[in-house]
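Me: Hi! Please take one part of this model, the place where its nonpolar side chains come together, and look at it closely. I would like one connected account that starts from a single residue and works outward.

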Amino acid sequence: MDAHQLIVCRCEEVSLAELLETAEAYQCSARELKLRTRAGMGCCGGRTCRMLVDQVIEQVTGHAPSHTIPLGYQPPVRPISFQTLGGR
């Protein structure tokens, strides 16, 4: 499969090619890559793509992301009540 077609962040529709191109052009940290591409900023808050973004950074820079400024996970977009879940 072509890197341009492989979507890493489904929420923001960021492709692997976009992540690789941005990481190589700016030699950026995981946080900066997130800010430049919006990968991990969708409704899931990075729960599905964060590990892949980290792998892209490690592949391009040769160093594991340090997360001195960590990429945060976001709470659910809309809280729901226990009654909606079937509670009393």
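## Starting from one leucine

Reply: Happy to! Leaving out residues up to four places away in sequence, Leu19 touches Val8, Val14, Leu33, Thr37, Ala39, Val53 and Val56, where a contact means heavy atoms within 4.5 Å. Before going on, please note that this is a predicted model, in which local features need pLDDT of at least 70 and side-chain atom pairs count only at pLDDT 80 or more, while totals for chains, interfaces and linings use all residues. Residues are numbered from 1 along each chain as its sequence is written, and side-chain values use heavy atoms, with hydrogens and water left out.

To place those contacts, read the protein along its sequence: the pattern is β-β-α-α-α, with three helices and two strands. Both kinds of element are DSSP runs numbered from the N terminus (helices: H or I, at least four residues; strands: E, at least two).

Leu19 is one of the best-connected members of the largest nonpolar core, which has 15 residues; Leu19, Ala23, Leu33, Ala39 and Val56 have the most contacts inside it. A core here is a set of buried Ala, Val, Leu, Ile, Met, Phe, Trp, Tyr and Cys residues joined through side-chain atoms within 4.5 Å. At least two core residues come from each of β1 (7-9), α1 (16-26), α2 (30-37) and α3 (50-61). Helix α3 gives the most, with four residues. In soluble globular proteins, nonpolar side chains tend to be buried together.

Helix α1 is a good place to see this from one side. Its residues Ala17, Leu19, Leu20, Thr22 and Ala23 are buried, meaning under 20% relative accessible area (exposed is over 50%, partly exposed in between; 1.4 Å probe, protein chains only). The cover over the buried residues of α1 includes β1, β2, α2 and α3. Just after α1 comes Gln27, with a positive phi near 45 degrees.

Gln27 also leads us to α3, the helix that holds Val60. Apart from neighbours within four places in sequence, Val60 is in contact with Leu20, Ala23, Glu24 and Gln27. The C-alpha atoms of Val60 and Glu24 are 6.3 Å apart, although their positions lie 36 residues apart along the chain. Across the whole protein, 51% of contacts between residues at least 6 apart in sequence join residues at least 24 apart.

On the strand side, Ser15 sits in β2 (residues 14-15). Ser15 counts as buried, at 10% relative accessibility. Its contacts, again without residues up to four places away, are Ala3, His4, Leu6, Ile7 and Val8.

Two cysteines are hidden as well: Cys9 is buried at 1% relative accessible area, and Cys28 is buried at 3%. Still, the structure holds zero disulfides, a disulfide being a pair of cysteine sulfur atoms within 2.5 Å. The cysteine sulfur closest to that of Cys9 belongs to Cys49, and it is 3.9 Å away, too far for a bond.

Moving outward, there are two salt bridges, each defined by a side-chain nitrogen of Lys or Arg within 4 Å of a carboxyl oxygen of Asp or Glu. One pairs Arg38 with Glu12, with the closest N and O atoms 3.2 Å apart. Arg38 is in the loop between α2 and α3 and Glu12 is in the loop between β1 and β2, so this pair ties together parts 26 residues apart in sequence. Arg38 is partly exposed at 39%, and Glu12 is partly exposed at 28%. The other pairs Arg36 with Glu32 at 2.8 Å. Both of these residues lie in helix α2, four residues apart, about one turn of the helix.

Some nonpolar side chains also face outward. Ile80, Phe82 and Leu85 form a surface patch with about 390 Å² of accessible area together. Patches are built from residues with over 30% relative accessible area and no salt bridge, like charges being joined within 9 Å and nonpolar side chains (Val, Leu, Ile, Met, Phe, Trp, Tyr) within 5 Å. Leu85 belongs to the segment after α3 and counts as exposed, at 59%.

As for the whole protein, buried residues make up 32% of its 88 residues. The protein exposes about 6200 Å², of which carbon and sulfur atoms supply 53%; areas come from the Shrake-Rupley method with a 1.4 Å probe, and for residues only the protein chains shown count as cover.
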